[in-house]
Amino acid sequence: MPKIEINGQNIEVAPGTTILEAARKAGIEVPTLCNDSRLHPAGECRLCNVEVAGDPHPHTACTSRVADGMRVETHTPELEAFRRTMLGWMAEKIPPETFAALPDKELHRRFRAYDIEPKGIASPIETRDLSHPYIKVDMAQCIDCFRCVRICDEVQGQFVWHAVGRGADTSVVPGGAANLAESDCVSCGACVDTCPTGALTDMAQGPVAGDERRTRSTCVYCGVGCEVEIVTRSGRISEIHPVLEAPVNKGHLCVKGRYAFAFTDAPDRVVTPLKRDGDGWTSLSWEQALDESAAAFRRIIDEHGPDSIGVIGSARATNEENYLVQKFARVVIGTNNVDCCARVCHTPTAAAMKAMLGTGAATNSFDDIERSNLILIAGANPTENHPVVGARIKQRVLRGGAKLIVIDPRRTELAAMATMHLALRPGTNMPLLNALAHVIVTEGLIDRDFVADRVAEWDLFRAFIADWTPERAAGICGVAAEDIRAAARLYATASPAMCFHGLGVTEHTQGTEGVMALVNLALLTGNFGKPGSGINPLRGQNNVQGAAHMGCDPAILTGSVAIDERRALFESVWKATIPHQRGLNLMGMIDAAATGRIKALWVVGYDIWPTLANSHETRRALEKLDFILVQDLFITETARAFGHMILPAASVFEKDGTFMNAERRIQRVRKAVEAPGDARSDWRIACALAQRMGHGEAFAFDSAEAIWNEVRTVWPEAGGISYPRIEAGGLQWPCRDENAPGTEILHVTDFARSHTAPLKRIDYTPTPERINAEFPFLLSTGRTLYQFNAGTMTMRTPNATLRPTDTLDISPADAEQLGLTPEERVRMRSRHGEVEIAVRITDRVKQGELFATFHDPRIALNRLTSPERDRIVHAPEYKVTAVRIERLG
């Protein structure tokens, strides 16, 4: 360990430490402007120059490594004079009004520290780039630190900002575009976050007020679970920043997490309970709304029994709230009819992985991205749908640390940069995955030691997979046999290999079996129980993992255990009997509503009508219900068309609790602002409704933490995850006691229920949804970067200017054949319905295949999608619909 002296202070540091890092360890602040802990050091600003004994030339502390015996001085008169001179030159660019308005900008802090007054003149409005809805660009204030260029390159990997010119003529511009809005910018805001001046600022950022507060919390959008710092002024959110030391996002955010928070203050927030009154709504007091809702539930139970009511939890609600929702269903209503939106996305994942591995959750952590030698992405588009993880994968590949295989019908951003892109036909995952396994087995590429020790049913699988040759699969999936062989060899020999999968695997009639086929590949190659490996679902919503894991599923209780497996424990804690009648899942509830068996639904934070497939059938079912209680931030499309009562819920920014991300990490959610009007946290509503229905004692909670402590009682695998332990950062379950560090990697020595895991023998069963002369195109549906699900939140933010509506992607060849022009609106018909939508002509989709997003309720894309479902858990098949296109007029 090198020993050095800094300003007369002796310290010992690790080899490779920079002088800047050593000084900070010693509590000495060396000023910098071009340095950012997220970036490789550059030494551009030279403000961190220090003197090293024996060398007449100054050293940049951020780039210079320590050496044993080194003696360093950081604040000599000469160095301080140099810094004042440098800062004085920079002060010529900074207007006093910007200095006053943005005191937290790093350069402005340096001005104050060195008592330097800015002397710049504000640039004319017409010279600034105000084209972007979130980011202001005023390069007259740029000091050429190039942090924006480097963070766009090194963290996001978008390469938007470019330094052009030389010397005094150097300028930073968005490459290849007239302005930022027309560039390849993905609006992540990293450049704004790192910029030390007023050159790049948030459009909404205003002067710092005296009542500014900062609250650490967790993002409300996808399942990555980025930690955020929420800045509030005068009781309203003004900015959101990434938490630099967060283990998941490591100081980075996407456009939604950083900027899409305006929905919180949307003028159409529901702020008081509402009761349907003809075609309109009447405001009620909470007492009236709760009394009437409880009376409706009691009447239906009395007339039709408890199993005539269904309860639906929410991926946008906290763990604590979902725990109470499922407890309410089982204790208060007396039914196992409880589910959540996991049913339509990753319940196939949970079922498949639990059946084979004993645990239905990610086997590894996001940090394993940087430890992998190969990354396999199946049916997922991380750079748009899980952008921070997508950026980490992109950086791992760009730096040459890992090979990349992408299995996806479309040429996504990551597919375009992949070592191999297997562009299969939609709906043919099983033939392709079986053929990959065939190559691994027949060419002797298995991990023999792992298979011998940890894998069951090997001989049966080897005999089964012999028939699934690449040539057989190629004829079905459209991927060349030699490409299948090359991909199998690459995956099997590049250990460790890490697999991520998404809804392109799960939302099929063989979705659950598709996940099992991925698990087969990892078992054959020994890619479990070690860093950089495993099978890892990319969960779509912020707490969809948590909602299901808390027991919002008809067959499981909290902790994802079968009801009878822990019935005794739960009944002793709840002091109530759990129903024995098998419950209905979400799709079963819709079916039962259509036949009259279900009479009422309580829908928490989930707009089911526009988001469920085959929405005509959903409408037919919902129209027959006697009572629909909707609990949400807004009058959702479901509430607007079918609701009888709406209870106003608090948003993620207005309550406390926890979320569970896709890597099993439990993280805090913290209240940053007050809820508007009479809106309440979902857990408080559940407790009040339970009290009205005679079960107040079982719901006598006074805080989210108190609910979590009951969760820990019934879920021993999370017993060690207390609020105090996750105050500074989340923990990954299992974590059984308060001394346990949590678990980054599962299945290291054993699988959850056995030392071995079985290989699954699964044949291909084609979907009934097929093309023909009448419906010649295959449509897949999915999300886009700027919008989220039904648009409930993002459509009420400036994201709506970045992505105003849904579009239909079509290949240039198909567009030419149909005579279509860019942005032309067309009618798209399926066997199930029709929509009108604008086309986007792109080479990202193959001829004969289409892709459309589903975020805009005005388009209502799910009027097209089919009634087909996964054969095991009944998730809808959103990814394959046969359609035709007709020109309008």
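On a 1 Å grid over the protein atoms alone, a cavity is a set of points where a 1.4 Å probe fits but cannot get out, and its lining residues have an atom within 4 Å of a point. Grid points are joined across faces, edges and corners, and a volume is the space filled by probe spheres set on the points. Rolling a probe the size of a water molecule over the atoms shows where empty space is left.

The structure shown above is a predicted model, in which local features need pLDDT of at least 70 and side-chain atom pairs count only at pLDDT 80 or more, while totals for chains, interfaces and linings use all residues. Residues are numbered from 1 along each chain as its sequence is written, and side-chain values use heavy atoms, with hydrogens and water left out.

Under the definition of a cavity, the model contains 13 cavities of 30 Å³ or more. The largest cavity has a volume of about 760 Å³. Its lining comprises 49 residues, and those nearest its centre are Leu 503, Glu 507, Arg 783, Phe 854 and Lys 879. Two elements, α19 (503–506) and β32 (777–782), give two or more residues to this lining; helices (H or I, at least four residues) and strands (E, at least two) are DSSP runs, numbered from the N terminus. By residue type, the lining of the largest cavity divides into 20 nonpolar, 21 polar and 8 charged residues. In this division Ala, Val, Leu, Ile, Met, Phe, Trp, Tyr, Cys and Pro count as nonpolar, Asp, Glu, Lys and Arg as charged, and the others, Gly among them, as polar.

The second largest cavity holds about 110 Å³ of space. It is lined by 17 residues, of which Arg 316, Leu 633, Ala 650, Lys 655 and Asp 682 are the closest to its centre. This lining divides into 9 nonpolar, 4 polar and 4 charged residues.

Arg 783, named above in the lining of the largest cavity, merits separate attention. Its place is in the loop between β32 and α29 (799–802). Arg 783 is buried yet has no salt bridge, and the nearest side chain of opposite charge, that of Glu 507, is 8.4 Å away. Here buried means under 20% relative accessible area, exposed means over 50%, and partly exposed lies in between (1.4 Å probe, protein chains only). A salt bridge is a side-chain nitrogen of Lys or Arg within 4 Å of a carboxyl oxygen of Asp or Glu; as to charge, Lys and Arg count as positive and Asp and Glu as negative, whereas His and the chain ends are not counted. The side chain of Arg 783 does reach backbone oxygens: that of Asn 385 at 3.1 Å, and that of Gly 540, which lies 2.9 Å from a polar atom of the side chain.

Elsewhere, charged side chains do pair, and the whole structure has 71 salt bridges. In one of them, Asp 138 pairs with Arg 128, the closest N and O atoms being 4.0 Å apart. Asp 138 lies in the loop between β6 (135–137) and α5 (147–156) and Arg 128 in the loop between α4 (106–113) and β6, so the pair ties together parts that are 10 residues apart in sequence. Asp 138 is buried at a relative accessible area of 8%, whereas Arg 128 is partly exposed at 28%.

Another salt bridge joins Arg 884 and Glu 774 (3.3 Å, N to O). This pair links distant parts of the chain, with Arg 884 in strand β37 (residues 881–887) and Glu 774 in the loop between β31 (757–758) and β32, 110 residues apart. Both partners are partly exposed, Arg 884 with a relative accessible area of 22% and Glu 774 at 46%. Strand β37 also holds Glu 886, whose partner Arg 827 is in strand β34 (residues 825–830), 59 residues apart; their side chains meet in a salt bridge at 3.8 Å, N to O.

The backbone also has features to note. A cis peptide bond, with omega about 0 degrees, joins Ser 495 and Pro 496, and Pro 496 is found in the loop between α18 (481–493) and β21 (497–501). The peptide bond from Trp 733 to Pro 734 is cis as well, with omega near 0 degrees. Pro 734 is found in the loop between β30 (731–732) and β31, where His 747 also lies. His 747 has a positive phi of about 65 degrees although it is not a glycine, and it counts as buried at 6% relative accessibility.

Notes:
On a 1 Å grid over the protein atoms alone, a cavity is a set of points where a 1.4 Å probe fits but cannot get out, and a pocket is an open set with protein on both sides within 12 Å along at least five of seven lines; lining residues have an atom within 4 Å of a point. A polar contact is a pair of N or O atoms within 3.5 Å; within protein, one must be able to donate a hydrogen and the other to accept it, and residues adjacent in sequence count only if both atoms are side-chain atoms.
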